[in-house]
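Work through the exercises below with the sequence and the structure open. Each task is followed by a solution in steps.

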Amino acid sequence: DEHAHHHAHGDIDPHAWLDPENGKLWLDVIAYILAEADPENAAVYLRNARAGRDEIDAAIADVESLLAPFRGKGYIVLHDAYQYFSERFGVPAVGAISPADASDPGPARVARMRTVIAERNVTCLLSETRLNPGLAGLAEAVFGKAGAEIIVIDPLGTGLEPGSALYPALLRSIAQGMARCP
């Protein structure tokens, strides 16, 4: 599969926050750095990190449950930003319309995606909230007149309430979007 493991933002895929195991690791690192910088409140930082990990674990369980019926469904993404999430939860996309460098797809890529869509019976396109103004036309070019369900998800959490519950809510929100795919 051309899509898998080919994300060209240099050598590092910058979307690492979408794997909740990374989120838990970062909580620990942040807590320890804060504890070293402010020893008087070290216990608070470490306690908050433990609570945060518990909240993330609860979100992981919810995401697993939400995605159980979604496993095995073919979907494509507008931009290849979800590998960390999809690989963690076992729901890989079958392709990405825009190449990994986020440039506009050329005719050969559109033709290749049409073949993948037909072969894998794909009926769903995941897109970010920052929609490309030409998304409808691009989706029609790739999916044809039959079209596809376009599900908009927010991998940055821009529509979520800021605060300590934001990250678990982000994980659940992405899974809820994926679960809406037909």
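## Exercise 1: Two aromatic pairs

Phe-70 and Tyr-75 are both buried. The model is a predicted one, and the values below are computed from it.

**Task.** Find how many aromatic pairs there are, and decide whether the rings of Phe-70 and Tyr-75 are stacked, tilted or edge-to-face.

*Step 1.* The count of aromatic pairs is two.

*Step 2.* In the pair of Phe-70 and Tyr-75, the ring centres are 5.3 Å apart and the planes meet at 40 degrees. Planes under 30 degrees apart would count as stacked and planes over 60 as edge-to-face. The pair of Phe-70 and Tyr-75 is therefore tilted, at 40 degrees.

*Step 3.* The other pair is Phe-85 with Phe-89: the centres lie 4.8 Å apart and the planes are at 50 degrees, so this pair is tilted.

**Task.** Where do Phe-85 and Phe-89 lie, and are they buried or exposed?

*Step 1.* Both belong to helix 3, residues 83–89. Because they are four residues apart in that helix, about one helical turn separates them.

*Step 2.* The relative accessible area is 0% for Phe-85 and 2% for Phe-89. The limit for buried is under 20%, so Phe-85 is buried and Phe-89 is buried.

## Exercise 2: The nonpolar cores

**Task.** Describe the largest nonpolar core and say which element gives the most to it.

*Step 1.* This core has 27 residues. Leu-67, Tyr-75, Phe-85, Leu-126 and Met-178 have the most contacts inside it.

*Step 2.* Two or more residues come from each of helix 2 (42–67), helix 3, strand 3 (124–128), strand 4 (149–153) and helix 6 (166–179).

*Step 3.* Helix 6 gives the most, with six residues.

*Step 4.* A second core of 14 residues lies apart from the largest one. Val-110, Met-113, Leu-138 and Val-142 are among its members.

**Task.** Which residues does Phe-85 contact, once neighbours within four places in sequence are left aside?

*Solution.* The partners of Phe-85 are Leu-18, Val-63, Leu-67, Leu-171, Ile-174, Ala-175 and Met-178. As a general point, nonpolar side chains in soluble globular proteins tend to be buried together.

## Exercise 3: The disulfide

**Task.** Find the disulfide, and say which parts of the chain the pair links.

*Step 1.* The count of disulfides is one. Cys-124 and Cys-181 form it, with their sulfur atoms 1.9 Å apart.

*Step 2.* The angle about the S-S bond is -55 degrees, and the link of Cys-124 and Cys-181 is left-handed.

*Step 3.* Cys-124 is in strand 3, and Cys-181 is in the segment after helix 6. The two are 57 residues apart, and the pair links distant parts of the chain.

*Step 4.* Both Cys-124 and Cys-181 are buried.

## Exercise 4: Salt bridges

**Task.** Which helices do the salt bridges of Lys-24 with Asp-57 and of Arg-53 with Asp-28 tie together?

*Step 1.* The whole structure has six salt bridges. In the one between Lys-24 and Asp-57, the closest N and O atoms are 2.6 Å apart.

*Step 2.* Lys-24 lies in helix 1 (residues 20–37) and Asp-57 in helix 2, so this pair ties together parts 33 residues apart in sequence.

*Step 3.* Lys-24 has a relative accessible area of 13% and is buried, whereas Asp-57, at 36%, is partly exposed.

*Step 4.* Arg-53 and Asp-28 meet in a salt bridge of 2.2 Å, N to O. Arg-53 is in helix 2 and Asp-28 in helix 1, so parts 25 residues apart in sequence are tied together. Arg-53 is partly exposed at 22%, and Asp-28 is partly exposed at 24%.

*Step 5.* Lys-24 and Asp-57 are also linked with Glu-21 in a network of salt bridges.

## Exercise 5: The whole chain

**Task.** How many helices and strands are there, and in what pattern do they follow?

*Step 1.* The chain has six helices and four strands.

*Step 2.* Along the sequence the pattern is α-α-β-α-β-α-β-α-β-α.

*Step 3.* The chain has 182 residues, and 42% of them count as buried.

Methods: Residues numbered from 1 in each chain as written. Predicted model: local features only at pLDDT ≥ 70, side-chain atom pairs only at ≥ 80, totals over all residues. Heavy atoms only, no water. Phe/Tyr/Trp six-rings, centres within 6.5 Å; stacked < 30°, edge-to-face > 60°. Buried < 20%, exposed > 50% of the residue type's maximum accessible area, 1.4 Å probe, protein only. Core = buried A, V, L, I, M, F, W, Y, C linked by side-chain atoms within 4.5 Å. Contact = heavy atoms within 4.5 Å. Disulfide = S-S within 2.5 Å. Salt bridge = Lys/Arg side-chain N within 4 Å of Asp/Glu carboxyl O.
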